[in-house]
Amino acid sequence: MKADADSMTWKTGDNIGVSECMRLTVKEGKWLIDRLEQEHELSKAEMAALIDANCSELRDYARIKARAIGDRQYGKNIYIRGLIEFTNYCKNDCYYCGIRCSNTKADRYRLSKEDIMACCREGKKLGFRTFVLQGGEDPYYTEDYIVDLIRQIRTDYPDCAITLSIGERERESYERFRKAGADRYLLRHETAAESHYQKLHPQNLSLRHRKQCLWNLKDIGYQTGCGFMVGSPGQTADHLAEDFQFIRELQPEMVGIGPFIPHSDTPFAGEMQGSMELVLYLLSLLRIQQPDLLLPATTALATVHPRGRELGIEAGANVVMPNLSPVGVRDKYALYDGKVCTGEEAAECRSCLERRIESVGYRIVVNRGDHCSAKLMKS
Ligand code: SF4
């Protein structure tokens, strides 16, 4: 398989795997990025070759395009979400995760409804208009509990968006939460490739079910977010190309990506950390593939580089999600080692972020920061 850069046609041989493809030249890579911009899709083989060609010249080319596209779509606005990590109990045992159920060293906590409402109160004062309720899959918080919590937040803060990030549930539960007032749902798929999914998860978890949850969330009318880790053990450019294909099919409103960072008390403790440069490149390619995405510069990105969030914004991101959880529990929600911003009060985080974002020519806006299609979605 080879791009003929002079005639600008892309030749694909029958049954030639990506692993056998020739490394793209920079010229060929730029040509594919231009095509992605015009057509918003590439074949899986083309995307894998483009990802595999990751180099500084292509990253710069993609970044400049992505930022221009992001600016056309959302201006210089950066949306903030107040993240409330309300439980680090989880019944699942994902191999990469620091709060997996078999990690006996994790210092477990649960926030009460009152604690969570206090986080919202503080967040509202600081200018947050989206609250993200995130936690492990913790059966302590029953469906009724979550419904009651959503109703309370909806009543007290009618002008704020409520985002849930509480894992895989039955369709009926998602419907109840939506009816109670939840607007958005984040559920990272982590990898869209079946064989790779099995390397990262125990047998009782299935990619098919996870994807079905995402399709259900879309169908019910949530602004839906999926996402994946970059550089997780065993990941190849082919796997990442499958992520792009899945995202093209699902058309989520949000996509969260960040580098894989090993946690010392997991089976992946000794694995290599994911590359920040690759995350930045993929952020740009995501922005180019789907211009209207809400794309966070994640905490994991800030963890691997002191200017990770700023670099994420420059690569095409337009959302940041600072932590509103009480300082006393923040370092306990440790999905990976070394997580940043666990010691500062929410107000400090907020003003630190503001300075960082202004340093790259953007501004935090005080509004819900809905996806541009939100008004058209089912309510
Ligand atoms: S990744 Fe999510 S579902 Fe898996 S163990 Fe961690 S918190 Fe639980």
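**Close-ups of a predicted chain**

**Figure 1. Asn103 and its contacts.** Leaving aside neighbours within four places in sequence, Asn103 is in contact with Gly98, Asp265 and Thr266; two residues are in contact if their C-beta atoms, placed from the backbone, lie within 7 Å. A word on what you're looking at: this is a predicted model, where local features need pLDDT of at least 70, side-chain atom pairs count only at pLDDT 80 or more, and totals for chains, interfaces and linings use all residues. Residues are numbered from 1 along each chain as its sequence is written. Asn103 sits in the loop between β4 (82-87) and α4 (113-125). Helices here are DSSP runs of H or I with at least four residues, strands are runs of E with at least two, and both are numbered from the N terminus. Is Asn103 buried, exposed or partly exposed? It's partly exposed, because 18 other C-beta atoms lie within 10 Å; the scheme calls a residue buried at 20 or more other C-beta atoms within 10 Å of its own, exposed at 12 or fewer, and partly exposed in between, with C-beta atoms placed from the backbone. Pick Tyr145 as a second point, 42 residues apart from Asn103 along the chain, and the two C-alpha atoms turn out to be separated by 26 Å.

**Figure 2. The ligand and the residues around it.** The shell consists of Cys90, Asn92, Cys94, Cys97, Ile99, Arg100, Gly136, Glu137 and Gly167. To count as near, a residue needs its C-beta atom, placed from the backbone, within 6 Å of the molecule. Sorted by class, that's four nonpolar, three polar and two charged residues. Ala, Val, Leu, Ile, Met, Phe, Trp, Tyr, Cys and Pro go in the nonpolar bin, Asp, Glu, Lys and Arg in the charged one, and the others, Gly among them, in the polar one.

**Figure 3. Where domain 1 touches domain 2.** The chain is assigned domain 1 (18-53) and domain 2 (75-365), with bounds that come from an automatic or database domain assignment. Eleven residues of domain 1 are in contact with twelve residues of domain 2. On the domain 1 side, the elements giving two or more residues are α1 (26-39) and α2 (44-52), and α2 gives the most, with five. This side of domain 1 divides into six nonpolar, one polar and four charged residues. Centre to centre, the C-alpha positions of the two domains are 28 Å apart.

**Figure 4. Inside the largest nonpolar core.** This core has 104 residues, and Ile84, Phe131, Leu282 and Leu283 touch the most other members. A core here means a set of buried Ala, Val, Leu, Ile, Met, Phe, Trp, Tyr and Cys residues joined through C-beta atoms within 7 Å. Which helix supplies the largest share? That's α10 (residues 276-289), with nine residues. Domain 1 (18-53) and domain 2 (75-365) each put in at least three residues. Zoom in on Leu283 and, not counting residues up to four places away in sequence, you'll find it touching Ile257, Leu295, Gly312, Ala315, Gly316 and Ala317.

**Figure 5. Thr163 in strand β6.** Thr163 belongs to β6 (residues 161-165) and is buried, because 24 other C-beta atoms lie within 10 Å. Ignoring neighbours within four places in sequence, Thr163 is in contact with Arg81, Thr130, Phe131, Val132, Asp183, Arg184, Tyr185 and Leu186. The C-alpha atoms of Thr163 and Leu186 are separated by 7.3 Å, with their positions 23 residues apart along the chain.

**Figure 6. Positive phi at His40 and Glu190.** Most residues other than glycine have a negative phi, and most peptide bonds are trans. His40 isn't a glycine, yet its phi is positive, about 60°. His40 is in the loop between α1 and α2, and it's exposed, because it has just 12 other C-beta atoms within 10 Å. Glu190 also isn't a glycine and has a positive phi, near 75°. Glu190 lies in the loop between β7 (184-186) and α7 (194-200), but this one counts as buried, because it has 22 C-beta neighbours inside 10 Å.

**Figure 7. Gln203 in its loop.** Gln203 is found between α7 and α8 (207-220). Buried or exposed? Exposed, because Gln203 has 6 C-beta neighbours inside 10 Å. Its C-alpha atom and that of Asp107, 96 residues apart along the chain, are separated by 26 Å.
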